[in-house]
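Subject: The structure we talked about

Hi,

Here is the structure I promised to pass on to you. Have a look at it first, and then read on for my notes.

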Amino acid sequence: VLGLRDRENLKTVDQFLEEQQECEIPLTRLENIYIRNFSGLESEMEFLKLLLSASTALRKLEIISKHNNVLRKARHEMFEELVSSHRASTKGEIIIRDYEIT
């Protein structure tokens, strides 16, 4: 689990990719990706696009928005942007939903 907003975990995409070359489980083998506290920042979208373009085995990408009040239109636009980006796995399902308090 990588906390993108944690100061000690902040990395550039290049640093992340370099580390992936040494990783025992490469991005290509990711089957399920679960992202929570997503706010739709450009850096977050670029990271997701990176994951989508590299994850050939992807079955499901589930994104939980940070705020319940993320506008339906904004959610639809994020979904369309991700679906239209280059994806290594055309079978992978993309789900964007609101955070639910239980």
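Below is what I found, going from the overall layout to the sheet, the core and the charged pairs.

Please keep in mind from the start that this is a predicted model. The protein chain has an average pLDDT of 76, and 66% of its residues reach at least 70. Confidence varies along the chain: strand E2 has the highest mean, at 89, while helix H1 (residues 13–22) has the lowest, at 64. Over residues 1–8 the pLDDT stays under 50, and for that stretch the model has 10 contacts beyond four places in sequence.

**Overall layout**

The protein chain contains 3 helices and 3 strands, and from the N terminus on these elements run α-β-α-β-α-β. Of its 102 residues, 29% are buried. If you take the contacts between residues at least 6 apart in sequence, 76% of them join residues that are at least 24 apart.

**The sheet**

The 3 strands form an open sheet in the order E1-E2-E3, and their pairing is parallel. E1 and E3 are the edge strands; each has a single partner, so one side of each has no neighbour in the sheet. On average, neighbouring strands are turned by 15° against each other, direction ignored.

E2 and E3 run parallel and are joined by 6 bridges. In this pairing, Leu61 stands opposite Ile94 in E3. Helix H2 packs on the sheet and touches E1, E2 and E3, with its direction at about 180° to that of E1.

**The nonpolar core**

In soluble globular proteins, nonpolar side chains tend to be buried together. Here, the largest nonpolar core has 17 residues, and the ones that touch the most other members are Phe38, Leu48, Leu61, Ile63 and Leu82. At least two residues of this core come from each of E1 (32–38), H2, E2, helix H3 (72–84) and E3. H2 supplies the largest share, with 6 residues.

Ile63 is a good place to start when you look around in the viewer. Leaving aside residues up to four places away in sequence, Ile63 touches Ile35, Phe38, Leu48, Leu82, Ile95, Ile96 and Arg97. You can also compare its position with that of Asp98, a residue of strand E3. The C-alpha atoms of Ile63 and Asp98 are separated by 8.4 Å, although the two are 35 residues apart along the chain. Asp98 itself is partly exposed, at 22% relative accessibility.

**The charged pairs**

Side chains of opposite charge can pair when their charged atoms come close. How many salt bridges are there in the whole structure? The search finds 5.

One of the residues to look at is Glu62, which takes part in two of the pairs described here. With Arg97, Glu62 forms a salt bridge in which the closest N and O atoms are 2.6 Å apart. This pair links distant parts of the chain, since Glu62 lies in strand E2 (residues 60–65) and Arg97 in strand E3 (residues 93–98), 35 residues away. Glu62 also meets the side chain of Lys60 in a salt bridge, at 3.7 Å from N to O.

Is Glu62 buried or partly exposed? Glu62 has a relative accessible area of 13%, which means that it counts as buried, the limit being under 20%. Its two partners are partly exposed: Lys60 has a relative accessible area of 29%, and Arg97 also has 29%.

Helix H2 holds another pair, Lys49 and Glu46. Their salt bridge has its closest N and O atoms 3.5 Å apart. The two residues are 3 apart in H2 (residues 42–54), so about one helical turn separates them. Glu46 is partly exposed, with a relative accessible area of 40%. Both residues also belong to a network of salt bridges that includes Glu81.

**Where I would look in the viewer**

- Glu62 and Arg97, for the salt bridge that links strands E2 and E3.
- Ile63, for its contacts with residues including Phe38, Leu48 and Leu82.
- Glu46, Lys49 and Glu81, for the network of salt bridges.
- Residues 1–8, where the pLDDT is under 50.

Enjoy looking around, and just write back with any questions.

Best wishes

Notes. Residues numbered from 1 in each chain as written. Predicted model: local features only at pLDDT ≥ 70, side-chain atom pairs only at ≥ 80, totals over all residues. Heavy atoms only, no water. Salt bridge = Lys/Arg side-chain N within 4 Å of Asp/Glu carboxyl O. Helix = DSSP H or I, 4+ residues; strand = E, 2+ residues; numbered from the N terminus. Buried < 20%, exposed > 50% of the residue type's maximum accessible area, 1.4 Å probe, protein only. Core = buried A, V, L, I, M, F, W, Y, C linked by side-chain atoms within 4.5 Å. Contact = heavy atoms within 4.5 Å. Pairing = 2+ DSSP bridges. Axes fitted to C-alpha atoms, helices over the stretch in contact; angles between N-to-C directions. pLDDT = per-residue confidence, 0-100.
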